[in-house]
Amino acid sequence: MSEKLHFSYLIMGILFIIIVTVLLAGIWVNYESSKNHLETNAHRLHVITESYINNSFRMIDAGLTIYDNTYNDKMRDALVIVMEEYNQSGGDPSRMDLQSLKTRIGGMDIHIINNQNIIELTTDPSEIGLDFSIIYPDFSEYLHSIRNTSGFYADRVVQEWTKGILTKYCYMPTPDHNYVIELALVSDKFAGERMVVQYSDVVDDIKAFNPYLEDVLLFQKQKRLVYNTSYIPTPEESSMLDYLLNENRTTQFVKHPELKQTIVWIPVDLRNPEYAADMSIFAKLTYNDSILSGELTQLGFLLGFTALLVLLLGGFIAFTVSRKVSKPIEQFTADIDAIAAGDLNHTIQPVTGYELSNLAEKTGFMVERLKDQIRKREASEQRFMDLVQLLPVGVFESDLDGNITFANPAAFELFGANFNKSFQGINIFSSICPQDLERAKEMFNVILHGQKTVGSEFTCLRKDGDTFPILAYVASRSENGVVIGARGSVVDVTRLKQVEAEVRLLNVDLEKRVAQRTFELEEATSELKAFTYSVSHDLKAPLRAIDGFSTILSMKAGSRLEPKEREYLEKIRQTVLHMNDLIESLLSLSHLNWQELVCEDFSPNSLISEIVSSVREQNLNHKVTVIVDDLPWCYGDKTMIRQVFMNLISNAVKFSRNRSDPRVEVGVVKEEPETVFFVRDNGIGFDMAISDQIFKPFSRLVRTDQFEGSGVGLATVHRIIRRHGGKIWVESTPGEGTTFYFTFPPRE
């Protein structure tokens, strides 16, 4: 009676543990899932917020750039007047009447900057002696970069360094390169027309969109707060701005657990090599972490109360079920004990309950199957013994001392002995040559101690005294977890040794031939590199001379030449530039043959976004719709693959710009076993009858006066993809557009 009661309690305890464990696990999984959902949503809001800031600020800056450039012509004309006055002064700015010039050019301030980047003369007395190398090192480097050039350099509308007034600047180096003339335009229109699009509008939008966002501060390069020039950054803000400006322009995260805040610094890098001014915005986003913490705490309280109810419910269910299950299980257990004792003919008594009754029936079937398996195992063991006896490989078993307890006929035949079933007095070490005997015993002891070994080679003796090599594979054998000896197989490898010697001789000859071919290939590659460099250098030298002399001729005699003659000079310079581009393209194309591939796994999505932004900036007057699908990861040289997408997208934009609704699409076509990328446009297209010419260097299907280009871009794409082991093909219809398909083999 006590045993039945004990078993009942055991069942109840097990059921209680199972029920409570399952339900609590479900509650815990639900909590983790809800927690992850809340944290993921918060993170997704942060990512969207930061991406929206970056993209919106770039669009605003693009619009401001267009607006700022509307003043370029006016300032260029003013600089021409100032430069004429400088030339008449004989290159001595002290002889120039700057105040009179200021009146003539419409009130723009004039600054004469010497070769030490110090304002030597100016119409604004407060600017005299201003040293840019101290207060503005970046601008000082920019002045050095343009001082020995010629022409007009426009800048953006920025806040003036000392007074914070919106001012547009432009620059022109003097012909003698001793000075850089700077004009400063101040207009009442700047404060109104440039502020139509506000950074604050973007800030208001993201604050309304992201409930976790507590505050947003926008800083410019001078550490000025946008819309609040009187704001003084805190030491922490100043230190972070110095780090972002001078060391690392990437997103930075700062945790403040005591304030329950996370601060994210987002540098929107708006630097443009065409302008001296750095228009970058550094956004400081302050997130309130206490909101998410409160949501998680509330979720924990709710699920904790649910867990308490589960404990009570689990105890009740376990008690009820155990009372109904324990009795039939005890009867069934008694029958199983009888069978386990070896009475396979014992009859299992019927039990109540569908599940237990079914289990009893299945157990009967299992017993019958077990008896059948025992019969089959006995037959299988007999077949195994028959096969071992017929094997051409020697098979043996031994005790702990190496005495043979079993061996097949092939083992006796291998050692030249007669087959004998008694094995009395035969030891595995008696047939091993003396020089290998100690090594064989060491290996045998290692195997008996449970360590694994690979096949071992020994020299053995036959009964007639001949020696021969064998390969032995030996492992320990045990019963009830105790090692009782070893078993293994032996193979005569005499013929294998002969073949091995022949192969070794062949390999020596092959290595010599490979070394010779490698040396010849390296010599050819070295000569090709030297030839390419020589051709490039020899072709560029006369081009530089032509460009230099034509520039000097234009500067010295430009005012005396007829318009048609000046046009001829300009065409000469453009042709020289085009020829230089062709040489550079040819050199880059040849470098692809020996440039080493640095392959890695990466996602092309961010790379293509950068390319699209760059292409759009280069084609501001060409409003093209670019659609980029979510692209899978690819494996290859990231720099080369970027060149592939850059060339194809640039071509697509170029050849579709004459359409009223230009459209470019970048996506993938899922095909087994590899992914096919494509770049599609609705541009001019071409006749597929000449498609075999499109990937050849300098083979152009359109005239250069219609569409610019060197004719090497698609050849470069073709060569990069071929080097990666991929393939590229094209489909096109005249007047309807072109689609390039290409693949990159997956990582092996």
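This is a short tour of a predicted model, stop by stop, for you to follow in your viewer.

**Before you click**

Numbering starts from 1 along each chain as its sequence is written, and side-chain values use heavy atoms, with hydrogens and water left out. As this is a predicted model, local features need pLDDT of at least 70 and side-chain atom pairs count only at pLDDT 80 or more, while totals for chains, interfaces and linings use all residues.

Try colouring by pLDDT, the predictor's confidence in each residue, from 0 to 100. The protein averages 79, and 81% of the residues score at least 70. Now select residues 1-5: here the pLDDT is below 50, and beyond near neighbours in sequence the stretch has two contacts in the model (contact means heavy atoms within 4.5 Å).

**Stop 1: the cores**

Select Phe57, Leu218 and Leu285. Of the 42 residues in the largest nonpolar core, these three touch the most other members. Such a core is a set of buried Ala, Val, Leu, Ile, Met, Phe, Trp, Tyr and Cys residues joined through side-chain atoms within 4.5 Å; buried means under 20% relative accessible area, exposed over 50%, and partly exposed in between, with a 1.4 Å probe and protein chains only. Helix α1 (residues 2-69) gives the most to this core, with six residues. Helices (H or I, at least four residues) and strands (E, at least two) are DSSP runs, numbered from the N terminus.

Zoom in on Phe57. Leaving aside neighbours within four places in sequence, Phe57 is in contact with Tyr199, Val202, Leu218, Val268, Leu270 and Ile281. Then jump to Met640, Ile649, Ala652 and Leu714, which are among the 35 residues of a second, separate core.

**Stop 2: strand β4 and its partners**

Select 166-173. This is β4, and seven of its eight residues are buried. Add β3 (residues 153-159), which pairs with β4 in the antiparallel sense over five bridges; two strands pair if DSSP finds at least two bridges between them. Look for Val157 opposite Lys168. Next add β5 (residues 180-185): β4 and β5 pair in the antiparallel sense over six bridges, with Tyr171 opposite Glu182. β4 and β5 form a hairpin with six residues between them, and His177 in the turn has a positive phi of about 60°.

**Stop 3: helix α5**

Select 137-147 and pick out Phe139, Ser140, Tyr142, Leu143, Ile146 and Arg147, which are buried. They sit on the same side of α5 because they cover an arc of only 160° around the axis, taken from the directions from the helix axis to the C-beta atoms. Their cover includes β1 (109-113), α4 (132-135), β3, β4 and β5.

**Stop 4: a five-stranded sheet**

Show β11-β10-β14-β13-β12, an open sheet in that order with antiparallel pairing. β11 (404-407) and β12 (456-461) stand at the edges with a single partner strand each, so one side of each has no neighbour in the sheet.

Select β10 (residues 394-398) and β14 (residues 482-492), joined by five bridges. Gly488 in β14 is the bridge partner of Phe396 and also of Val474, while Ser398 is matched with Ala486. β13 and β14 share ten bridges and form a hairpin with two residues between them, where Asn480 in the turn has a positive phi of about 55°.
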